[in-house]
Amino acid sequence: MAENGTGSVSFIGLGTMGREMVRNLLKAGHAVTVFDIVEEAVAALAAEGAIAATSLAEAVADADLAITMLPDTPQVEDVIYGEGGLLASPPRGRLVVDMSTIAPAAVRRMHADLKAKSIDFIDAPVSGGPIGAKNATLTIMAGGEAPAFARAEPFFRGMGPTITHVGAPGAGQAVKLCNQLTCGINIQAVCEAIALGRASGVDLEQMRSVLLGGSAASWMLDKLGPAMIAGDAGAGFRIDLMLKDLRLVQEQAQALSVPLPGTALVTSQYIEARAHGEGSNGNQALFRVYDRMTNRA
Ligand code: NAD
């Protein structure tokens, strides 16, 4: 870190979330080198002031830390263990931060393998979706050792105001999985309320604002309710990424012998949605399951 509080970041994974997080790191004054397997994603951010890299090793060489924002556990493993990966070619600052949502058990393994080579690792998944990524309002939950968290924290500040060190390696992902099961079951509750309200013939927009004023208020009703009512299944946090997260929740629950019947039920509805070709749609498309169950599709 430079004395003025800025430093150099290497950012790997420039999709829906990553590209917005890079923009905010640039706004916060950091030098950001970017890499993605999709060349256009790299070029787009280079046009906005990021430094383009053509390989992973080139991207991380001069960085204080490398941040990964990738779809799932196998992609993060690839970037760490693969040829030219971060285990063999770490950033100059020997700090790796994964902000994707992946399996806590894999995180603990990565932490141990990197530590054996004197490389620090922090798991720091986020909540807040593409809007939070764009507006730098992400909630960041971090697991790892305190000194490594202290080095990463100034960089997190550029991406969101709520940054919490929640415990040992993997704890960030454990908290994120609890976040995701709460989101999934909550989306289902909003779908059911709208399905019943619609069948009852009430004004759904008015119903939504009444519910938002009382104890049924929720982020999902507030942010996804309008799109559900309008039948807009378009962009947003994708159904297939949520299914990935629900799979991670269930793997963790099975490993720890915790029954999660609510999660099991909503997971089968997400599977139904994906089977109907909604995998790339936003999570509000879960409402289409209720359209189909009430013969309104
Ligand atoms: P995304 O699929 O839009 O982006 C992932 C990016 O990673 C893509 O640009 C892809 O080309 C790149 N990539 C894949 N493999 C790579 C590799 N080996 N090397 C370099 N680049 C590679 O996904 P996203 O929506 O940005 O989500 C990223 C992570 O954040 C996921 O784990 C997701 O669950 C989590 N997350 C997403 C949201 C959301 O609302 N989208 C919210 C919170 C957390």
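Gly279 is classed as buried, since its relative accessibility is 10%; buried denotes under 20% relative accessible area, exposed over 50%, and partly exposed the range in between, computed with a 1.4 Å probe and protein chains only. The model is predicted, and local features therefore require pLDDT of at least 70, side-chain atom pairs count only at pLDDT 80 or more, and totals for chains, interfaces and linings use all residues. Residues are numbered from 1 along each chain as its sequence is written, and side-chain values use heavy atoms, with hydrogens and water left out.

Gly279 lies in the loop between helix H13 (261-275) and helix H14 (287-293). Helices (H or I, at least four residues) and strands (E, at least two) are DSSP runs numbered from the N terminus. The C-alpha atoms of Gly279 and Ile239 are 4.9 Å apart in space, although the two residues are 40 apart in sequence. By contrast, Ala43 and Ser55 are 12 residues apart in sequence and 13 Å apart, C-alpha to C-alpha. Ala43 belongs to helix H2 (residues 39-46) and counts as partly exposed, at 47% relative accessibility.

The strands E1, E2, E4 and E5 are considered next. Strand E1 (residues 8-12) is largely enclosed by the rest of the structure, because 5 of its 5 residues are buried. Ser8, Ser10 and Ile12 lie on one side of E1 and Val9 and Phe11 on the other, so that both faces are covered. Such an arrangement follows the general pattern: in a regular strand, side chains alternate between the two faces of the sheet. E1 pairs in the parallel sense with strand E2 (residues 31-35) over 5 bridges, where pairing requires that DSSP find at least two bridges between two strands. E1 also runs parallel to E4, to which 4 bridges join it. Val9 stands opposite Val32 in E2 and opposite Leu65 in E4.

Both faces of E4 are likewise covered, with Leu65 and Ile67 buried on one side and Ala66 and Thr68 buried on the other. Strand E4 (residues 65-68) pairs with E5 in the parallel sense over 3 bridges. Across this pairing, Ala66 stands opposite Val96 and Thr68 stands opposite Asp98. In strand E5 (residues 95-98), Leu95 and Val97 point one way and Val96 and Asp98 the other way, and all are buried.

Helix H1 (residues 18-27) is mostly covered, with 7 of its 10 residues buried. The buried residues are Gly18, Glu20, Met21, Val22, Asn24, Leu25 and Leu26. H1 is followed by Gly29, which has a positive phi near 100°.

Positive phi values also occur in residues other than glycine. Ser118 has a phi near 60° and is placed in the loop between helix H5 (104-115) and strand E6 (120-123). With a relative accessibility of 55%, Ser118 counts as exposed. Asn295, in the segment after H14, has a positive phi of about 60°. Asn295 is also exposed, its relative accessible area being 73%.

The ligand is surrounded by 25 residues, of which Met17, Asp36, Pro71, Thr101 and Lys244 come nearest; a residue is near a molecule or strand if one of its heavy atoms lies within 4 Å of it. Polar contacts are pairs of N or O atoms within 3.5 Å; within protein, one atom must be able to donate a hydrogen and the other to accept it, and residues adjacent in sequence count only if both atoms are side-chain atoms. A polar backbone atom of Leu70 is 3.0 Å from an oxygen atom of the ligand, and a backbone N or O atom of Pro71 lies 2.9 Å from a ligand oxygen atom. A side-chain N or O atom of Lys244 is 2.8 Å from an oxygen atom of the ligand. On its own the ligand has 840 Å² of accessible area, of which the protein covers 90%.

By class, the shell around the ligand comprises 13 nonpolar, 7 polar and 5 charged residues. At least two residues of the shell come from each of helix H4 (73-81), helix H6 (129-135) and helix H12 (239-255), and H12 gives the most, with 3 residues. At least three shell residues are drawn from each of domain 1 (8-168) and domain 2 (175-293), with domain bounds taken from an automatic or database domain assignment.

Methods: Areas by Shrake-Rupley, 256 points an atom, 1.4 Å probe, with all protein chains shown as cover. Nonpolar A, V, L, I, M, F, W, Y, C, P; charged D, E, K, R; others polar.
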